[in-house]
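Trainee: I would like a close look at a single part of this model. Please take the open sheet and go through it strand by strand, then show me what surrounds it.

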Amino acid sequence: MENNKQVVTRFAPSPTGSLHIGGSRTALFNYLYARKHNGRFILRIEDTDKARSSTAFESEIIKAMEWLSLKYDEMYRQSEREEIYKKYIEILLKNDNAYISKEDTGGDENKRSEVIRFKNPNEKVTFDDLIRGEVTFDTSDLGDFIIARSIDEPLYHLTVVVDDKEMGVTHVIRAEEHISNTPRQLLIIRALGFEEPKYAHIPLILAPDKSKLSKRHGAVSTLDYRDKGYLPDAVINYLALLGWNPGTEQEIFSKQELIEFFSISQVQKGGAIFSEEKLSWINKAHLKNLSKIELRDQIQKRINANYKALGKTTEIDESQAEMVRDLFSERISVFCDIDEWQKNGELDFIFNDPNISKEEIVWKDSTIESTILHLNFIEEKLNNLSESEFKYERIKSAIWEYADEKGRGEVLWPFRFALSGQKKSPDPFSLAEVFGRDTTLKRVKNAVILLTK
RNA sequence: GGCCCUAUCGUCUAACGGUUAGGACGUAAGCUUUUCAAGCUUAAAAUCGGGGUUCGAUUCCCCGUAGGGUCACCA
């Protein structure tokens, strides 16, 4: 067969909307297949419909692919290739495989009175889909379909066939909705005497109600996920797993691993519901691969952007971002989690001394008097630690025995509350370490003063 | 409606004729814990229905059923 031919795949979106998550997965599968087989991956903008295509959408598609770093080797625009299509339309016309047809426009001024139709041989067409096996259509149902508005205005089925041939595309990996387009394209391919590419129709991505994913289901644009703060590698990882499986129990993959393990034969036939919960879990796993510096920078960027969006001039610096990271990195699944905390003021205690509630700082049935006693003990113990000794373990061992004796909640709750002013927060030892000696002692003293009043 | 595709826990999926039907997300419980997370352990949870084929069907075939795609001078 043609096994030694170089693999060429393509992603062929029409710039009539932003790149949605399903399109990204199609692009990904084409990308992975090409890379795996040392082939070429082509981006082809299918913008023959001038009325609906826009360069704004085109650049959005490109931006999304860049974000996911789905690098293509070549890029084409169909709007720049009309001469090529014209040549083939003429061949089809000359060989009597197509003809100019007089149309009844029904008074529609957008419709042409003359169009070019393909002369359908009305035969059964069978192709071997890499995912579904043999698929057969009776093309006599299709009639003499239109392949061009005029000799200079080709339509989808014609341009796809011509481009795939001209670009040497060997594998057409596209969404399931194109399955019924395949017989039409095969008819044109046969009329032109082209070699047939291999087809792989991948299943659709579904919304929770099993309908086709669309705008009304929330975020569907790929760039929405960038804006929410998902990591591109996590999105790729999740998308790959939606409809494909490695045959092992591994779930977290780098892009390199995906290229290594990807295989069309392991692609699922049925549609899959998109689950943001699982995406979020995968994102969290990928977050662990980020360096501490990257993590800090991302957090700083996110927080400052949020302040700006809220119309505040406040900004946090690197060391403040480091504090947030050290205290909260374990709790972040997606960077947009920070938005919520920030909105609820759950992060404020890191940057400013908290306002402490006199009622809430007292543990359960305890009293103000004993709370003061405990805080004084803590202050005294911590006072004995130098700045460089102010580490989690040292702080803990300075207080633990006492807390154990008096009741951990009795001692640790007020300690933590003095530092955070929050009913929920990281543990007091982490807080103390991150805040450092001065801030910690100051906040403990403040709490005592408040309680003494 | 015609044509085509699909069908395993709620969800993503494994099992390519023989398994106590496995894993993950989510859910619940327990452990841990000053709180909240995290972490660890455990549990509940599935082969759409009916016929075949076979010693034996999740797996192969047929018929239903359900869901989806497509039927443009869009792609």
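Mentor: Here is a walk through the open sheet, followed by the rest of the chain. Keep in mind that this is a predicted model.

Start with the layout. The sheet has 4 strands, in the order E4-E5-E8-E9. It is open, and the pairing is antiparallel. Which strands are at the edges? They are strand E4 (98-102) and strand E9 (153-154), and each of them pairs on one side only.

Now go across, beginning at E4. E4 and E5 are joined in the antiparallel sense by 5 bridges. Find Ile100, then look across to E5: Ile116 stands opposite.

Stay on Ile116. Strand E5 covers residues 114-118, and 2 bridges pair E5 with E8, again in the antiparallel sense. Here Ile116 stands opposite Ala148 in E8. So much for one pair; now take another. Arg117 stands opposite Ile146 in E8.

Next comes the step from E8 to E9. These two strands pair over 2 bridges in the antiparallel sense. Ser150 has Glu153 of E9 opposite it. How many residues lie between E8 and E9 in their hairpin? There are 2 residues between them.

E8 has another role to look at. Strand E8 (146-150) is among the elements that give two or more residues to the surface near RNA strand B. Strand E7 (133-138), strand E13 (272-273), helix H9 (276-287) and helix H16 (408-420) are also on that list. Which element gives the largest share? H16 does, with 5 residues. In total, 57 residues surround RNA strand B. The closest are Ser14, Glu46, Tyr156, Gly270 and Asp427. Sort this surface by class and you get 25 charged, 17 nonpolar and 15 polar residues.

Compare the open sheet with another pairing. Strand E1 (residues 8-11) and strand E2 (residues 40-45) are joined by 4 bridges, and they run parallel. Arg10 stands opposite Ile42 in E2. Look at the side chains of E1 too. Val8 and Arg10 point one way, while Thr9 and Phe11 point the other way. Are these residues buried or exposed? All are buried.

Now follow H9 to the domains. The domain assignment of chain A gives domain 1 (215-287), domain 2 (292-344) and domain 3 (368-452). The C-alpha centres of domain 1 and domain 2 lie 25 Å apart. Their contact takes 7 residues from domain 1 and 6 residues from domain 2. On the side of domain 1 that touches domain 2, H9 gives the most, with 4 residues. By class, that side has 3 polar, 2 nonpolar and 2 charged residues. H9 is also one of the elements on the surface near RNA strand B.

One more residue is worth a stop: Glu369. Find Glu369 in helix H14 (residues 368-383). Why does Glu369 count as exposed? Glu369 is exposed because 10 other C-beta atoms lie within 10 Å, and the cut-off for exposed is 12 or fewer. Leu451 is 82 residues away along the chain, yet the C-alpha atoms of Glu369 and Leu451 are separated by 8.4 Å.

Finally, step back to the whole chain. Chain A has 17 helices and 13 strands. Its C-alpha trace spans about 100 × 50 × 35 Å along the principal axes. The radius of gyration of chain A is 31 Å, whereas a compact globule of 453 residues would have one near 22 Å. Of the 453 residues, 35% count as buried. Take the contacts in chain A with a separation of 6 or more: 74% of them come from residues 24 or more positions apart.

To go back to your sheet, trace the order E4-E5-E8-E9 once more. Then pick out E8, which pairs with E5, forms a hairpin with E9 and gives residues to the surface near RNA strand B.

Methods: Residues numbered from 1 in each chain as written. Chains lettered and ligands numbered in written order. Predicted model: local features only at pLDDT ≥ 70, side-chain atom pairs only at ≥ 80, totals over all residues. Near = placed C-beta within 6 Å. Nonpolar A, V, L, I, M, F, W, Y, C, P; charged D, E, K, R; others polar. Domains from an automatic or database assignment. Contact = placed C-beta atoms within 7 Å. Rg over C-alpha atoms; globule rule 2.2 N^0.38 Å. Buried ≥ 20, exposed ≤ 12 C-beta atoms within 10 Å, placed from the backbone. Pairing = 2+ DSSP bridges.
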